[in-house]
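Q: Pick one charged side chain in this structure and take a close look at it for me. I'd like to see what it pairs with, what sort of helix it sits in, and then how that spot fits into the rest of the fold.

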Amino acid sequence: RSRFVRNVITLASGTAVSQLITIVAIPLISRLFDPDEFGVAALFLSIVTLLAVLATLRFEKAIVLPKSDDTAVNLFMLSTILTFGFSVFIICVSSVLFMFGDNTSYIDTLGYWLFLVPLGVFLLASSNIFAGYATRYKAFRGIAYGDVAQSISVSGTRILGGLSQFGISGLISSLLIGFLVKILVVSKSVKRNYHFRLTDLRDSDLMGLFREYKQFPLYAMPTALLRSLGGNMQILALAFLFDPAIVGYYAMGNRLLRMPVQFFSESVRTTYLQKSAELLNSSSSLTRPFVQTTVALSLLGILAISPIALFGEEIFAFVLGQGWSTAGLFAQIMSPAIFTLFVVAPASTVFVVLGRQGALLKIRILSTLSILVLFIIAHLQEFGPNIAIAWLSIIGSAFNLLVMYVAYQIIKSRSIEASTN
């Protein structure tokens, strides 16, 4: 148990340090690049992140499972081959889109940077593959070092690119360099476990792996794709509806609000998951700890989010520069959704502990469809960015509250069943 805790702390520490580096560097980076340049980079990253989920069919998540190291190596190679093949496919698709998709908003926004999307997908998917392989051998320190090295390389490259007035190329190249640096650092942590030979992988091995681990492309990939789509749809939709500067403002405001919330929420999920499982195994009630944790997070969230909700424009203008006050306004509009995202952490864990992931998946599907419908209406009705983002905040808040309500009802029904029995 203590080893598990140390591993969690190691990974969390790497994430915390990497986010701290990013936060410290942002006030300087924001003064070196324009919002529209950030918007193009944000669109590029969203597309790469979404496609990287498809590249491996999630076989990299299966690397930790086999008893045999040879099977794990074959899964590693299978994931890499799939990633390479998918990247080549994207190159072909990108070429066709660039030649015949002149009226497409994304093509107009990305321009020639579209041709770097396949490279970004290959590097990001490869870093995920190496992280999966490192997890198998408990090289958590290597993964943590990789996160920190990636953050340093991205921030450093952006600062150098900004000082050299590289513009969009400085932002996009920093993302690619960051992916590559993480691959190099993580791969070094498990280099003693390497024995990869492509000639050892036979067609029969590939088909056997597909059959044995078919649940990953069939179930894990759609779930991960839905989660990634939910996290990136806002950027994709805003890029379709508005100019890159609006995307840049939204991406900056949303990122600065979400970074500390996501880190703290993940810590809450980890500890609450352990506590809930312990109570469940001892047939104790989950209601009181759930209510107490949710109330405590609500009070803490009010203290943390209130300054941005009240003075977002002023704070962003002071920290990032006068040109970023609109990002502060967008952050103010999004603050209710971010607040409920912070508070929903224990509720989302309830579905896992009580085996009700299917109900949570249905809510996520409905949420994603609602956001899609919102942006279709926004396009047809020609909503301005403030109205579109406000409705986005309302939908996000509503579904987070729905998750909390359903989780509470699940806990109540379990308590009633337990008392009856």
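A: Let's start with Asp147, which counts as buried because its relative accessibility is 16%, and the cut-off for buried is under 20%. Bear in mind that this is a predicted model.

So what does a buried acid pair with? The side chain of Asp147 meets that of Lys182 in a salt bridge, with N and O 2.9 Å apart. Asp147 belongs to helix α6 and Lys182 to helix α7 (residues 168-189), so the pair ties together parts that lie 35 residues apart in sequence. Lys182 is tucked away too: its relative accessible area is 14%, so it is classed as buried. As a rule, side chains of opposite charge can pair when their charged atoms come close.

Now for the helix that carries Asp147. Helix α6 covers residues 140-163, and its 24 residues should span 34 Å at 1.5 Å a residue; the C-alpha atoms at its ends are 35 Å apart, so the two figures agree. Most of α6 is covered, with 17 of the 24 residues buried. After the helix comes Gln165, which has a positive phi, near 60°. Back at residue 140, Phe140 comes within sight of a distant part of the chain: its C-alpha is 9.5 Å from that of Arg6, although 134 residues separate the two in sequence. Arg6 itself sits in helix α1 (residues 2-29) and is partly exposed, since its relative accessible area is 48%.

How does the Asp147 pair compare with the other salt bridges? There are 3 in the structure. In one of the others, Arg136 bonds to Asp69, with the closest N and O atoms 2.9 Å apart. This pair also works across helices: Arg136 is in α5 (residues 117-136) and Asp69 in α3 (residues 69-100), so parts 67 residues apart in sequence are tied together. Arg136 is buried, given its relative accessible area of 13%, whereas Asp69 is partly exposed because its value is 36%. Glu60 and Arg58 also form a salt bridge, at 3.3 Å from N to O, and both of those residues are buried.

Step back and the setting is helical: 15 helices and 0 strands. Of the 421 residues, 48% are buried. The largest nonpolar core holds 109 residues, and Phe44, Val117 and Tyr250 have the most contacts inside it. Helix α2 (residues 35-55) gives the most to that core, with 11 residues. Among the residues that Phe44 touches are Trp113, Val117 and Ile172. Tyr250, for its part, is touched by Gln234, which also contacts Ile371, Phe375 and Leu392. Gln234 lies in helix α9 (residues 215-241) and is buried, because its relative accessibility is 8%.

Long-range links like the one through Asp147 have plenty of company: among contacts between residues at least 6 apart in sequence, 83% join residues at least 24 apart.

Terms used: Residues numbered from 1 in each chain as written. Predicted model: local features only at pLDDT ≥ 70, side-chain atom pairs only at ≥ 80, totals over all residues. Heavy atoms only, no water. Helix = DSSP H or I, 4+ residues; strand = E, 2+ residues; numbered from the N terminus. Expected span 1.5 Å × (residues − 1). Buried < 20%, exposed > 50% of the residue type's maximum accessible area, 1.4 Å probe, protein only. Contact = heavy atoms within 4.5 Å. Core = buried A, V, L, I, M, F, W, Y, C linked by side-chain atoms within 4.5 Å. Salt bridge = Lys/Arg side-chain N within 4 Å of Asp/Glu carboxyl O. Lists of a residue's contacts leave out its neighbours within four places in sequence.
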